[in-house]
Amino acid sequence: MFLKAGLLSLMLLLASRVLGVLRETALAAAFGNSGMADVVIVMLTLPDWLAGVLVSGALAYVLLPHWAKQPVVQQNAAQHRVARRLLLGALVLAAVMCIAQAPLVALLVPGVSPALQGVARQAMVWSALALPAAMLAGLWATRLQHERDFVGLYSANLVVNTVLIAALALVSWQGGGAAAVPKLGGFLLLAVALRLLWQ
């Protein structure tokens, strides 16, 4: 039983890594090594990076031992309390990201050309909009870890990467450029929403 679950988890993890490589390949095909590629990389990775740094490890460290001692009803209540606080914190952080677009762009995409400054600020807003869903996904991933549902845990990333690869392929087919940011932003929101539904 454990061997079968371990092999399935390993296969899903490897599939996630392969899709990650395909995503990078699709991004290179769409934008090459341009400044626009840097903007898109930051836009697509910032929400999950912030969620990983701010919540994922900490939630597992704090909640897993806590939930181990509680019945399901108390686990659900604790998860709802944490979700509300995470959502509030994510909304505040997203607002800060929207307000401080210019300094964040200068920090995260240094050297971006003046022609791409507006597009980079727009990309920052799309990342901010995706942040609350990314934070909640971190909490729900912790719950899946607690329930030992590693299939759900690893396959959620497959959903995100599949949507983003499709979006990058579409943008590449349509010619890329600055007009791609709103399309990719919409697909980013779709990807994080589908991950939450999957989890």
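## Close-up views of a predicted model

**View 1. Serine 155 and its contacts from farther along the chain.** Once neighbours within four places in sequence are set aside, serine 155 is left touching Leu12 and Trp198. This is a predicted model, as are all the views that follow. Serine 155 belongs to helix 6. Its relative accessible area is 7%, so serine 155 is buried.

**View 2. Helix 6 from end to end, plus the glycine that follows.** Helix 6 is built from 25 residues. From its first C-alpha to its last, helix 6 reaches 37 Å, close to the 36 Å expected at 1.5 Å a residue. Look just after helix 6 and you'll find glycine 175, which has a positive phi of about 105°.

**View 3. Arginine 195 pairs with aspartate 48 across two helices.** How far apart are the N and O in this salt bridge between the side chains of arginine 195 and aspartate 48? The N to O distance is 2.8 Å. Arginine 195 is in helix 7 (residues 180–198) and aspartate 48 is in helix 2 (residues 35–68), so this pair links parts that sit 147 residues apart in sequence. The two partners don't share the same burial class: arginine 195 is buried, at 5% relative accessible area, whereas aspartate 48 is partly exposed, at 31%.

**View 4. Arginine 143 between a ring and a carboxylate.** Two things are going on around this side chain. The charged end of arginine 143 sits over the ring of tryptophan 67, 5.2 Å from the ring's centre. Arginine 143 also forms a salt bridge with glutamate 147, side chain to side chain, at 3.1 Å from N to O. Is arginine 143 buried or exposed? With 8% relative accessibility, arginine 143 counts as buried. Glutamate 147, on the other hand, is partly exposed, its relative accessible area being 44%.

**View 5. A salt bridge between sequence neighbours, arginine 23 and glutamate 24.** Side chains of opposite charge can pair when their charged atoms come close. Here the side chains of arginine 23 and glutamate 24 meet in a salt bridge, with 3.8 Å from N to O. Arginine 23 has 17% relative accessibility and so counts as buried. Glutamate 24 is partly exposed, at 39% relative accessible area. How many salt bridges turn up in the whole structure? The search finds three. As for aromatic pairs, the structure has zero.

**View 6. The largest nonpolar core and its best-connected members.** This core has 56 residues. Which of them touch the most other members? They are Phe31, Val40, Met43, Leu44, Leu139, Leu168 and Leu184. The elements giving two or more residues to the core are helix 1 (2–31), helix 2, helix 3 (72–99), helix 5 (117–146), helix 6 (150–174) and helix 7.

**View 7. Methionine 43 and serine 127 in contact.** Skip the residues up to four places away in sequence, and methionine 43 still touches Ala123, Trp126, Ser127, Val181, Leu184, Gly185 and Leu188. Serine 127, for its part, is found in helix 5. With the neighbours within four places left out, serine 127 is in contact with Val42, Met43, Leu46, Pro47, Met97 and Leu188. Leu188 therefore appears on both contact lists, for methionine 43 and for serine 127. Serine 127 counts as buried, with 1% relative accessibility.

**View 8. Valine 119 and its surroundings.** Valine 119 has its place in helix 5. Valine 119 counts as buried, at 10% relative accessibility. Which residues does valine 119 touch, not counting those up to four places away in sequence? The contacts are Met36, Val39, Ala178 and Val181. For a sense of scale, the C-alpha atoms of valine 119 and glycine 6 are separated by 43 Å, with these positions 113 residues apart along the chain.

**View 9. Glycine 138 facing serine 56 and leucine 59.** Glycine 138 is another residue found in helix 5. At 6% relative accessibility, glycine 138 counts as buried. Leaving out residues up to four places away in sequence, glycine 138 touches Ser56 and Leu59. Glycine 138 and leucine 54 are 84 residues apart in sequence, yet their C-alpha atoms are 9.5 Å apart in space.

Note on methods. Residues are numbered from 1 along each chain as its sequence is written. This is a predicted model: local features need pLDDT of at least 70, side-chain atom pairs count only at pLDDT 80 or more; totals for chains, interfaces and linings use all residues. Side-chain values use heavy atoms; hydrogens and water are left out. Rings of Phe, Tyr and Trp (its six-membered ring) pair if their centres lie within 6.5 Å; planes under 30 degrees apart count as stacked, over 60 as edge-to-face and the rest as tilted. A charge sits over a ring if NZ of Lys or CZ of Arg is within 6 Å of the ring centre and within 35 degrees of the ring normal. A salt bridge is a side-chain nitrogen of Lys or Arg within 4 Å of a carboxyl oxygen of Asp or Glu. Buried means under 20% relative accessible area, exposed over 50%, partly exposed in between (1.4 Å probe, protein chains only). Helices (H or I, at least four residues) and strands (E, at least two) are DSSP runs, numbered from the N terminus. A nonpolar core is a set of buried Ala, Val, Leu, Ile, Met, Phe, Trp, Tyr and Cys residues joined through side-chain atoms within 4.5 Å. Contact means heavy atoms within 4.5 Å. The expected span of a helix is 1.5 Å times one less than its number of residues.
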